[in-house]
Amino acid sequence: MNHVLSGGDALVLMPTGGGKSLCYQLPAMARPGTGLVVSPLIALMQDQVGALQRMGVSAACLNSAQDGEESRRTCRELLRGELDLLYVSPERAVMPGFLEMLANCRLSLIAIDEAHCVSQWGHDFRPEYLQLAELRRHFPEVPRIALTATADEPTRADILQRLELFEAERFISGFDRPNIRYLIHPKTEVRRQFLEFYRSHHRGDAGIVYCQTRSRVDRAVGWLREAGLEALPYHAGMPSEERQRNQERFLHEEGVIMVATVAFGMGIDKPNVRFVAHLDMPKSVEAYYQETGRAGRDGLPATAWMAYGIADVMGLLQLMSRSQAPPERRALERRKLDAMLGFCETAQCRRQVLLRYFGEALPGRCGNCDTCLHPVEILDGTVAAQKALSCIKRTGERYGVGYLVDVLMGRDNPRIQKAGHDRLPTFGVGRETDAREWSSVFRQLAAAGLVEVDMEGYGGLRLTAASWEVLKGRRSFPLRQDPLARSTRERVRKKALPVRAPAVENDLFEALRRKRLELARGERIPPYFIFNDKTLLAMVESRPETLEEMAELPGVGEVKLARYGEAFLEVLRST
Ligand code: ZN
């Protein structure tokens, strides 16, 4: 902030919920003139502007969803120098008419949010971001600040280059989100797995469930509702009014589960999302980090849960093989997918692996991820790997996992008989283990690069040069025991770990939450616009008796105190 206040350019990398917006909001208010904020999503803009106005800040936005009268009013305020902050879309920011108007205003700074959208290496590339460098040419004296919550080194370099932030200082804060618990499981029966997780850890909580495709979103909404959960779909195939309505409900009500493709989430500022669940594997570690980062923005305990399986990997590989992108880009996507798979298969602390990906070291295990909580057993899987690889070889390197497992298990399958594969020496050689474990062997072989998927054909598995090392006994194969498959077989139920802060169960907290919902309904705004959960918990802990005492609590500013203080004091006195 000091750097921007004194007129310098900056690149800010901060995890979601780390106070990124404050880095430009405060300097914009302190410096003379209006701060121009470029933000990619209308929903995000409206949220932020709403929250700022509620705190008594003079903020406004210009976007295509407004009517003419509203836009004209905002422009008048801008020209009169009455705005501290003006939010606009990237398209608007470079419109000639708009730039002309800005030339007549005093700008305090230019902030470019979600700056990774400028990079074609990032996962949210938006071509209109490429034109934002023009702002530098029009306003060379105005400090510019680019912000993002996710950017690996090539993306960072890309942001500086493409936005022409040649002299910008970099401010990179840690990527760790210690309040998020990472739980990753091999997929067996994803419905049962998810519902068990939800019921034991997050019953009644708000969360986001991500699926790879639209049809999977619709199916998941179906079975979640059948199980009695309040689930709403969100994907690009829906009419935009319905999407908008679902998003509003997610923001305004408590305990709604949004089931979405990755189209949902950027700019979702709901602080009390208690869990983010991936029913399918995301295509990169960056995407995973960003999506899971939407959980627990209020700093209270939250969970990032994922179930992944070999079918997810195949699905992603197939998508890639159909892509029209140039070869080097496809190779990059492939490397990103491999890194994601490596993260899923690791026996190390998840947080250590995740942070290392972003160039950060975490000394010691975190104690708050599944591999820390339930250390993974590593066995010598060389013999199993040899059986699996030999099965691929002998069936001609053209079959998928399901078929190969059937051959190994010696199953009665007409396709196998027709191909004569029931006469192979590998037929039935794997009867000692079950089908689920064989799938896990194939998945881990793929993750380790010991088999590859034939994407030009029908997705059959093929051997690689490294496979022969294992087949010839020159290389061993450590096999990660899937803890879930094991516990299901033994019917051992793991003890549910307390994820919530104990105070959350408190009656007083619930009473405060009810008051908040009531006030929010009256004003038709999301409950957390009034006070977030952290502030409510602080009220429970310190039990303020006067407005002066309440003013000491985090998240209670002058405007909110005057507006809501008395209502909450009343609840505190009577509960
Ligand atoms: Zn850990």
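## The zinc site

Let's start with the zinc ion. In this predicted model, the zinc ion is held by four protein donors: the SG atoms of Cys349, Cys366, Cys369 and Cys372, lying 2.4 Å from the metal. If you trace these residues along the sequence, their spacing reads C-x16-C-x2-C-x2-C.

What arrangement do the 4 donor atoms make around the zinc ion? Look at the angles they subtend, which run from 101 to 119°. Four donors count as tetrahedral if all angles lie between 85 and 135 degrees, so the arrangement here is tetrahedral.

## Two of the cysteines up close

Are Cys366 and Cys372 buried or partly exposed? Cys372 has 17% relative accessibility, so it counts as buried. Cys366 comes in at 24%, and that makes Cys366 partly exposed. The cut-off for buried is under 20% relative accessible area, which is why these two zinc donors end up with separate labels.

## Four domains along the chain

Now zoom out to the whole protein chain. The domain assignment splits it into domain 1 (2-172), domain 2 (180-373), domain 3 (378-480) and domain 4 (502-574).

## Where domains 1 and 2 meet

Take the C-alpha atoms of domain 1 and domain 2, and you'll find their centres 28 Å apart. Domain 1 brings 22 residues to the contact, while domain 2 brings 16 residues.

How much area is buried between domain 1 and domain 2? It's about 1700 Å², with carbon and sulfur atoms giving 52% of it. When you go looking for salt bridges between these two domains, the count is 0. Residue pairs in polar contact, with both at pLDDT 80 or more, also come to 0 between domain 1 and domain 2.

## Salt bridges elsewhere

How many salt bridges does the structure hold? There are 36 salt bridges. One of them joins the side chains of Arg126 and Glu128, with an N to O distance of 3.6 Å. Arg126 counts as partly exposed because its relative accessibility is 21%.

Another pairs Arg249 with Glu230. In that salt bridge, the closest N and O atoms are 2.8 Å apart.

Note on methods. Residues are numbered from 1 along each chain as its sequence is written. This is a predicted model: local features need pLDDT of at least 70, side-chain atom pairs count only at pLDDT 80 or more; totals for chains, interfaces and linings use all residues. Side-chain values use heavy atoms; hydrogens and water are left out. Donors are N, O and S atoms within 2.8 Å of the metal (3.2 Å for Na, K and Ca); water is not among the atoms, so sites may look incomplete. Four donors count as tetrahedral if all angles lie between 85 and 135 degrees; four count as square planar and six as octahedral if opposite donors are over 155 degrees apart and all others between 65 and 115; anything else is irregular. Buried means under 20% relative accessible area, exposed over 50%, partly exposed in between (1.4 Å probe, protein chains only). Domain bounds come from an automatic or database domain assignment. Contact means heavy atoms within 4.5 Å. Buried area is the accessible area (1.4 Å probe) that two parts lose on being put together, summed over both. A salt bridge is a side-chain nitrogen of Lys or Arg within 4 Å of a carboxyl oxygen of Asp or Glu. A polar contact is a pair of N or O atoms within 3.5 Å; within protein, one must be able to donate a hydrogen and the other to accept it, and residues adjacent in sequence count only if both atoms are side-chain atoms.
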